[in-house]
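I opened this entry to record what I looked up in the structure. The notes go element by element.

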Amino acid sequence: MESNQLISIKQFCNHNEVPLRFISALKDFDLIEIVIEDEDEYIYTQHLHIVEKMIRLHYDLNINLEGIDAIYHLLKKVEELQKENQVLKNKLRTYESF
Amino acid sequence: MAFIDYYNILGLSKNASESDIKKAYRKLARKYHPDLNPNDKKAEQKFKKVNEAHEVLANPENRKKYDKYGEHWQHAEDYEKAKQQQSQQKAYSSSYGNYSDDEFSDFFSEMFGGKSSRGSRSQVKFRGQDFNAQLQLDLREVYSTHKRTLTVNNKKIRITIPAGVENGQIIKIKGHGGGGANGGPNGDLYIEFSITNSTEFKRDGHNLYVTKDIDLYKALLGGELMVDTFDGKVKISVKPETQNGTKIKLKGKGFPKYKKEGQFGDLFVNFNVKIPTNLSAKEKELVKELSKLRSHGI
């Protein structure tokens, strides 16, 4: 079953050639949310890019789940800091040209 | 087309083992991978080079070819043969965020042709690649919500640019990235706004700032002044005895608030009192008279 919001984990793992246990491990680390419907497990489609990123980190860069967990939180901070930095740059641009 | 020293890129000597190559690649990939360096163009460029070096050196056949002709590729007859073989190789697709397979170096393309498939994990793509684009607009253009047609990968898309977008702000256009594989969804298009300002206004968030010159007499005696806003001209009153640097706020005459229809910031007008120059003898006399009346100072 697949809706606009949910994608079957089995299907996802099949397409990405990753074992189901990897997705379960991500869930155990509270890195993704799994939805159970009719005894099947799903993830939200809007979370797909996050899961794909974690797959790349794990399988392409050999980063273990503890590392992914740390990276995930640090990247969130980086994103917030980049936004803040942009706001400050724009402010500075305003005052520099006065 | 410059020769690229792939060994140097990976920090290896020519006699590096396969495991050394793998280790060096992993180390550098962890440092420069786009997933770990969001919005960092320099890291992205480095990663492309590292990835390209790995594509060549991790493949024994490619490495052999590179070792044999690499440094003298422009003179080697066999180089041309190698070049002809390339067209037969399969194209390579990647889903590394912004990373595009079109961005392998000319050296790589001519030496090895199409991009090979990646090593450790075969990539059956699910979601399409995300695209990044930059759109330059003038401040005046982002004062109101408007539509614009962009060409992305030879496809025309019409997007709505909401009023009040900030310089450096990135908006996501869902589903307008690369096409998904095996029925997977398309990637997204990320547009970064670069906003130039050719107006007299300075912008800070949704507030605008402008400096207006007023003459000494208007500052002393008060009066009226016409001020341009994005919304037309506004008549403002200058209070008597207005000091240089005085700021007044015109509520709601600033910039629109992003995605808050009908809400605007404020416009701050800073008065710059201009002291008259080239005074006539008569004026000097009168100013002296005035200064005598103010003998106690300010």
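Before reading any strand pairing, I fixed the term: two strands pair if DSSP finds at least two bridges between them. I also note that the model is predicted.

**Entry 1: a bridge in the three-stranded sheet**

I looked up Ile171(B), and its bridge partner is Ile191(B) in E5(B). E4(B) and strand E5 (residues 189-196) of chain B pair in the antiparallel sense over four bridges, which satisfies the definition of at least two bridges. I then traced the sheet: the three strands run in the order E1-E5-E4 (chain B), and the sheet is open with mixed pairing. Strand E1 (131-138) and strand E4 (170-173) of chain B are the edges; each has a single partner strand, so one side of each lacks a neighbour in the sheet. On average, neighbouring strands of this sheet are turned by 30° against each other, direction ignored.

**Entry 2: the four-stranded sheet**

I found an open sheet of four strands in chain B, ordered E6-E7-E11-E10, again with mixed pairing. Strand E6 (202-204) and E10 of chain B are at its edges with a single partner strand each, so one side of each is without a neighbour in the sheet. The average turn between neighbouring strands of this sheet is 30°, direction ignored. H4(A) packs on the sheet and touches E6 and E7 of chain B. The direction of H4(A) makes about 150° with that of E6(B).

In which sense do strand E7 and strand E11 of chain B pair, parallel or antiparallel? I read the parallel sense, over eight bridges, for E7 (residues 207-215) and E11 (residues 267-274) of chain B. In this pair, Lys212(B) stands opposite Phe271(B) of E11(B).

**Entry 3: a hairpin**

I checked strand E2 (residues 146-152) and strand E3 (residues 155-161) of chain B, which pair in the antiparallel sense over seven bridges. Lys147(B) is opposite Thr160(B) in E3(B). The two strands form a hairpin with two residues between them. Asn153(B), in the turn, has a positive phi of about 50°.

**Entry 4: other positive phi values**

I noted two further residues. Glu241(B) is not glycine, yet its phi is positive, near 60°. Glu241(B) lies in the loop between strand E9 (232-238) and strand E10 (247-250) of chain B. Is Glu241(B) buried or exposed? Its relative accessibility is 61%, and the cut-off for exposed is over 50%, so Glu241(B) counts as exposed.

In chain A, Asn62(A) also has a positive phi near 60° and is a residue other than glycine. I located Asn62(A) in the loop between helix H3 (48-60) and helix H4 (65-96) of chain A.

**Entry 5: helix packing in chain B**

I looked up helix H2 (residues 18-32) and helix H3 (residues 41-57) of chain B, which pack at an angle of about 165° with their axes 9 Å apart. That makes H2(B) roughly antiparallel to H3(B), since angles over 145 degrees count as such. The crossing of H2(B) and H3(B) is left-handed. On the H2(B) side the contact includes Ile21(B), Tyr25(B) and Leu28(B); on the H3(B) side, Phe47(B), Val50(B) and His54(B) are among the residues met. By class, this contact of H2(B) with H3(B) has nine nonpolar, two polar and two charged residues.

H3(B) also meets H4(B): their axes come within 6 Å and cross at roughly 100°. That makes H3(B) roughly perpendicular to H4(B). Here Glu55(B), Val56(B) and Leu57(B) in H3(B) meet Asn62(B), Arg63(B) and Tyr66(B) in H4(B). I sorted the residues of this contact into three nonpolar, one polar and two charged.

**Entry 6: Arg63(B)**

I followed up Arg63(B), placed in helix H4 (residues 60-69) of chain B. Is Arg63(B) buried or exposed? Its relative accessible area is 13%, and under 20% means buried, so Arg63(B) is buried. Leaving out residues up to four places away in sequence, Arg63(B) touches several others, including Tyr7(B), Lys14(B), Ile21(B) and Val56(B).

**Entry 7: chain B as a whole**

I closed with totals. Chain B has eight helices and eleven strands. Of its 298 residues, 43% are buried. Among contacts in chain B with a separation of 6 or more, 60% are between residues 24 or more positions apart.

Technical notes: Residues numbered from 1 in each chain as written. Chains lettered and ligands numbered in written order. Predicted model: local features only at pLDDT ≥ 70, side-chain atom pairs only at ≥ 80, totals over all residues. Heavy atoms only, no water. Axes fitted to C-alpha atoms, helices over the stretch in contact; angles between N-to-C directions. Parallel < 35°, antiparallel > 145°, perpendicular 65-115°, else oblique. Left-handed = near helix turned anticlockwise from the far one by under 90°. Contact = heavy atoms within 4.5 Å. Nonpolar A, V, L, I, M, F, W, Y, C, P; charged D, E, K, R; others polar. Buried < 20%, exposed > 50% of the residue type's maximum accessible area, 1.4 Å probe, protein only.
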